[in-house]
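Visitor: I am new to this structure. Please take me through its strands, slowly enough to follow and closely enough to be useful.

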Amino acid sequence: MSENETVTQVPVQESTADDRAGDGDLSRQLAERTEDLQRVTAEYANYRRRVDRDRALVVDQAAERFAAQLFPIVDDIERARDHGDLTGAFKVVADRVLGLLDGLGVSAFGVAGDPFDPAMHEAVLHDTSDDVSVPTATTVLRQGFRRGDRVLRTAMVAVSEPSGAAATAGDGATGDAAGADPAPEAAPGETPAAG
């Protein structure tokens with residue numbers, strides 16, 4: 001040691017009741033701050049999830065609105081295809097428009113022969129037929145569109161129901177001659193009276 005250096009001894013303090021009380025107070029404060037931090041962290045995580053969910057919802061709604069504006073154009077494209085007018089440069093433009101819908105995740109549905117589903121089909125014509133066993137979309141007048149499980153536009157269809165069900169439900173004849181009154185039914189154990 002040099003002359004200029006002095007040795008300072010720090011006296012060792014013995015823990016007292018006040019120090020122990022102070023340690024308990026510090027532990028309590030630390031626990032409170034930890035709880036506050038955990039609460040703020042959870043609130044922020046919930047906020048971030050809510051913002052992400054809302055942002056995704058806005059994107060989905062915008063995509064669905066844009067797709068809905070393209071549906072009349074797609075209808076015109078399908079009519080041109082049905083008439084054989086979808087050729088040349090018009091076919092290229094039509095393919096691009098249909099590609100936009102594919103890129104948005106929008107798919108068309110509604111084919112003749114599909115079972116009728118009122119959640120997906122809009123019935124505008126109705127008839128009966130021996131060719132079907134369940135209500136069936138026999139003619140598609142306008143395609144429907146969906147994005148995932150969400151139906152954006154229902155398909156407009158003509159529906160045929162089985163004629164056998166209509167005939168048995170509407171048939172009131174019991175085999176008696178037309179215009180004749182049916183015989184009154186006898187009570188159990190009785191024989192009907194001849195009349």
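To set the scene, how many helices and strands does the secondary structure of the protein chain come to?

Guide: The model is predicted, so please read every value as computed from it. The protein chain has three helices and six strands. Along the sequence they follow the pattern α-α-β-β-β-β-β-β-α. The protein chain holds 195 residues, and buried residues make up 18% of them. Its accessible surface is about 14,800 Å². Carbon and sulfur atoms supply 54% of that surface. Among contacts with a separation of 6 or more, 65% join residues 24 or more positions apart.

Now the strands. Start with the sheet in the order S1-S4-S5. This is an open sheet of three strands, with antiparallel pairing. Its edge strands are S1 (106–109) and S5, and each pairs on one side only. From one strand to the next, the twist averages 35 degrees.

Take the pairings in turn. S1 and S4 pair in the antiparallel sense over four bridges. Look for phenylalanine 109, whose bridge partner in S4 is glycine 144. S4 and S5 are also antiparallel, over three bridges. Here phenylalanine 145 has arginine 153 in S5 as its bridge partner. Arginine 146 stands opposite valine 151 in S5. S4 and S5 form a hairpin with two residues between the strands. In that hairpin, glycine 148 takes a positive phi near 70 degrees.

Stay with this sheet and turn to its charged side chains. Arginine 147 and aspartate 60 meet through their side chains in a salt bridge, at 3.2 Å from N to O. The two ends sit in distant parts of the chain: arginine 147 is in strand S4 (residues 144–147), and aspartate 60 is in helix H1 (residues 17–82). They are 87 residues apart. Aspartate 60 is partly exposed, because its relative accessible area is 33%.

A second salt bridge reaches S5. The side chains of aspartate 75 and arginine 153 meet at 2.8 Å, N to O. Aspartate 75 lies in helix H1 and arginine 153 in strand S5 (residues 150–153), so this pair ties together parts 78 residues apart in sequence. Both aspartate 75 and arginine 153 are buried. Arginine 153 thus has two roles to find on screen: it is the bridge partner of phenylalanine 145, and its side chain meets aspartate 75.

Next comes the other sheet. Its order is S2-S6-S3. Three strands form it, the sheet is open, and the pairing is mixed. S2 and S3 are the edge strands, each pairing on one side only. On average, neighbouring strands of this sheet are turned by 25 degrees against each other, direction ignored.

Look at S2 beside S6. S2 and strand S6 (residues 155–162) pair in the parallel sense over eight bridges. One place to check is aspartate 127, whose bridge partner in S6 is serine 160. A general point helps here. Strands of a sheet pair through backbone hydrogen bonds, either parallel or antiparallel.

This sheet has a salt bridge between its edge strands. The side chains of glutamate 122 and arginine 142 meet at 3.6 Å, N to O. Glutamate 122 lies in strand S2 and arginine 142 in strand S3 (residues 136–142), so the pair ties together parts 20 residues apart in sequence. Glutamate 122 counts as partly exposed because its relative accessibility is 34%. Arginine 142 is partly exposed too, at a relative accessible area of 21%.

S2 also offers a nonpolar feature. Valine 124 has its place in strand S2 (residues 121–129). Its relative accessible area is 37%, so valine 124 is partly exposed. Val124, Leu125 and Leu141 make a nonpolar surface patch of about 260 Å².

One last stop widens the view of the charges. The structure holds 12 salt bridges. A network of salt bridges links Asp25, Arg28, Glu32 and Arg33.

To retrace the tour, find S1-S4-S5 with its antiparallel pairing. Follow arginine 147 to aspartate 60, then arginine 153 to aspartate 75. Then move to S2-S6-S3 with its mixed pairing, and finish at the patch made by Val124, Leu125 and Leu141.

Notes:
Residues numbered from 1 in each chain as written. Predicted model: local features only at pLDDT ≥ 70, side-chain atom pairs only at ≥ 80, totals over all residues. Heavy atoms only, no water. Buried < 20%, exposed > 50% of the residue type's maximum accessible area, 1.4 Å probe, protein only. Contact = heavy atoms within 4.5 Å. Areas by Shrake-Rupley, 256 points an atom, 1.4 Å probe, with all protein chains shown as cover. Patch = residues over 30% accessible without salt bridge, like charges linked within 9 Å, V, L, I, M, F, W, Y side chains within 5 Å. Salt bridge = Lys/Arg side-chain N within 4 Å of Asp/Glu carboxyl O. Pairing = 2+ DSSP bridges. Axes fitted to C-alpha atoms, helices over the stretch in contact; angles between N-to-C directions.
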